[in-house]
Amino acid sequence: INAEYMGIEGICLQTNFTPVEMATAQAQKNTITLRGSTQMVTEFFGYAINSILYQRGIYPPENFTTFQNYGLHMMVTTDAGLKKYLGNVLNQLSEWLMKSLVQQLVVVVSSVARNEVLERWVFNIDLEPDALQTGTAVKAQKEIQSEIQAIIRQITASVTFLPLLSEPCTFDLLVYTNKDCEVPVTWEESDAKYIQNSSEVRLRSFTTKIHKVDAMVSYKCEE
């Protein structure tokens, strides 16, 4: 910052941004709070769910548009009803994450005609041990973005290793919470919707140093 006053007794003042100050600013930029971590995890789930619905053909491709984030071009829904539904789910999920009440999010893909579960996309959510004590963590956002990017790429590539869904399918979202969690009236208890005779593929994970998210997908083996 330069400040200069021109006159008979002109002075020129300068403050230098020292390396120590730069390091402090960088540390502050990379400091992750519980709220910041919750926002990152919630945002990731939004894009992950949209990617699964698009890549697995649950909704027609014309119901999606391209959106850029994490250095990737991703597909997000333009369907008004679906956007509203996902928005409500993610808002509630964010509230539970802030209170450390969420253990797992599952995207269940089922056959419409047979009501049979064909895929379970499981995202386990854990609080990092140190975060419970400090409430903050330090990690470069570029590093977090790179880890998230790897998971989104795997979802995009899922068509290469998952069986073709050759029939109309629907989806459900399951959220596993602590027993003492206050559940809104619009939510209801559900069974786990496990798949009989299934195989699984473990995906990448990411951590904000406050929340850690592990991902995997199980699918019904072809008989």
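Which residue in β7 is the bridge partner of Leu105? The legends below work through a predicted model, and the second one has the answer.

**Figure 1. Strand β7 sits mostly inside the predicted model.** Eight of the 11 residues of β7 are buried, so the rest of the structure largely encloses this strand. On one side of the story is β6, residues 102-111, which pairs with β7 in the antiparallel sense over seven bridges. Then there's β11, also antiparallel to β7, with nine bridges between them.

**Figure 2. A close look at Phe123, a residue with partners in two strands.** Here's the answer to the opening puzzle: Phe123 in β7 is the bridge partner of Leu105. Phe123 also stands opposite Ala215, which belongs to β11. As a bit of background, side chains in a regular strand alternate between the two faces of the sheet.

**Figure 3. The hairpin turn that links β6 and β7.** Five residues lie between the two strands of this hairpin. Have a look at Asn115 in the turn: its phi is positive, at about 50°.

**Figure 4. The largest pocket, with about 810 Å³ of space.** Its lining is made up of 22 residues, and those closest to the centre are Val175, Trp187, Glu188, Glu189 and Ser190. Two elements, α3 (80-98) and β9 (169-177), each give two or more residues to this lining. The largest share comes from β9, which chips in six residues. Sorted by class, the lining has 11 nonpolar, five polar and six charged residues.

**Figure 5. The second largest pocket, with about 220 Å³ of space.** Fifteen residues line this one, and Leu118, Pro163, Leu164, Lys220 and Glu222 are the closest to its centre. Two strands from the earlier views turn up again: β7 (117-127) and β11 (211-220) are the elements that give two or more residues to the lining. As for chemistry, the lining splits into six nonpolar, one polar and eight charged residues.

**Figure 6. Ser37, tucked away in helix α2.** Helix α2 covers residues 34-55, and Ser37 is part of that run. Is Ser37 buried or exposed? Ser37 has a relative accessible area of 0%, so it counts as buried. Leaving aside residues up to four places away in sequence, Ser37 touches Ile32, Thr208, Ile210 and His211.

How values were computed. Residues numbered from 1 in each chain as written. Predicted model: local features only at pLDDT ≥ 70, side-chain atom pairs only at ≥ 80, totals over all residues. Heavy atoms only, no water. 1 Å grid on protein atoms, 1.4 Å probe; cavity = no way out; pocket = protein on both sides within 12 Å on 5 of 7 lines; lining within 4 Å. Points joined across faces, edges and corners; volume = space filled by probe spheres on them. Helix = DSSP H or I, 4+ residues; strand = E, 2+ residues; numbered from the N terminus. Nonpolar A, V, L, I, M, F, W, Y, C, P; charged D, E, K, R; others polar. Buried < 20%, exposed > 50% of the residue type's maximum accessible area, 1.4 Å probe, protein only. Pairing = 2+ DSSP bridges. Contact = heavy atoms within 4.5 Å.
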